[in-house]
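Here is a short tour for anyone who likes to read a fold strand by strand. Please have the sequence and the model open side by side.

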Amino acid sequence: LSSYPSYINLLPSIQTCNITNLPENYFLKYYLYHALTWPQLSFVAVVRPKNGYKKTGYGLNGTGPGDDYPKVVGYVLAKMEEEPTDGMAHGHITSLSVMRTHRRLGIAERLMRMSQRAMAEAHRAHYVSLHVRVSNQAALHLYRDTLGFEVEKVESKYYADGEDAYAMRMDLTPMW
Ligand code: ACO
């Protein structure tokens, strides 16, 4: 698991991981904006080739073929809310996903805990918020049961396909 600046050359691989796992996708510049504006808050989980990197190829820019680069198997993309309506500094999880091959290993929990800690320590965030599909049992289990988020409200037809979202949040002040 690593954070900025080591993940910055992996942004295209993070985007690939997102496209593979979720229908909510973003332009590459939005990942870059997160990395440059809130460098402490996003994290990646990578696997490295067993026999080291090949000498030829595209190098470590995350876009090369085969096993020339560390493969992103999970990420959390996070930010601080720029204009909090309640006036309280708080973090927001823009996106979280883990590749199917690497699920149920505790990766998402670790990524989330690292991001939450950084929000509290680097930005004195009062709480962290996120949206999740009401049908997403795996993510709901992670957020509510494992991490301790609470449902703040249901946002009707939040997603492009018409599904509702739970708006969830978790208090971070105990981490201050
Ligand atoms: N069903 C029930 N519980 C589950 C499931 C599941 N399918 N998957 C994980 N959990 C539980 C685990 O058992 C664990 O609970 P425990 O603390 O009681 O042991 C807890 O959730 C954390 O498990 P992790 O191993 O850390 O989770 P994982 O690395 O597998 O990632 C994730 C979970 C991110 C939801 C993954 O399934 C995924 O990528 N899904 C597709 C993308 C997605 O839905 N992302 C979240 C969208 S919301 C947002 O981005 C803000």
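The report below begins with confidence and then turns to strands, a helix and the core.

## Confidence in the model

This is a predicted model. Mean pLDDT for the protein chain is 90, with 86% of its residues at 70 or more. For the complex, the predictor reports an ipTM of 0.99 and a pTM of 0.93.

One stretch deserves some care when you look around. Over residues 56-66 the pLDDT stays under 50, and the model has 20 contacts beyond four places in sequence for this stretch.

## Strand 4 and its partners

Let us start with strand 4, residues 90-98. Nine of its nine residues are buried, which leaves the strand mostly covered.

Strand 4 pairs with strand 3 (residues 71-80) through seven bridges, and these two strands run antiparallel. If you would like a pair to find on screen, leucine 77 has serine 95 of strand 4 as its bridge partner. Strand 4 is also joined to strand 5 (residues 127-133), here by three bridges and in parallel. In that pairing, histidine 92 is matched with serine 129 of strand 5.

## The crossover and glutamine 116

How do strand 4 and strand 5 go together with helix 3? With helix 3, residues 107-123, they make a right-handed β-α-β unit.

Glutamine 116 is a residue of helix 3. Is glutamine 116 buried or exposed? With a relative accessible area of 1%, glutamine 116 counts as buried, because the cut-off for burial is under 20%. Beyond four places in sequence, glutamine 116 touches Val128, Leu147, Phe149, Met170, Leu172 and Met175.

## Leucine 142, leucine 96 and the core

Leucine 142 sits in helix 4, residues 137-147. Its relative accessibility is 12%, so leucine 142 is buried as well. Setting aside neighbours within four places, leucine 142 contacts Leu96, Ala108, Glu109, Met112 and Leu147. Leucine 142 and methionine 112 are 30 residues apart in sequence, and their C-alpha atoms are 9.5 Å apart in space.

The contact with leucine 96 can be followed from the other side too. Again leaving out neighbours within four places, leucine 96 is in contact with Leu22, Tyr75, Val76, Ala108, Leu111, Met112, Leu142 and Tyr143.

In soluble globular proteins, nonpolar side chains tend to be buried together. In this model the largest nonpolar core has 43 residues. Those with the most contacts inside this core are Ile93, Leu96, Met112, Met119, Leu130, Tyr143 and Phe149.

Methods
Residues are numbered from 1 along each chain as its sequence is written. This is a predicted model: local features need pLDDT of at least 70, side-chain atom pairs count only at pLDDT 80 or more; totals for chains, interfaces and linings use all residues. Side-chain values use heavy atoms; hydrogens and water are left out. Buried means under 20% relative accessible area, exposed over 50%, partly exposed in between (1.4 Å probe, protein chains only). Helices (H or I, at least four residues) and strands (E, at least two) are DSSP runs, numbered from the N terminus. Two strands pair if DSSP finds at least two bridges between them. A crossover is right-handed if, with the strands pointing away from the viewer, the path from the first strand over the helix to the second runs clockwise. Contact means heavy atoms within 4.5 Å. A nonpolar core is a set of buried Ala, Val, Leu, Ile, Met, Phe, Trp, Tyr and Cys residues joined through side-chain atoms within 4.5 Å. pLDDT is the predictor's confidence in each residue, from 0 to 100.
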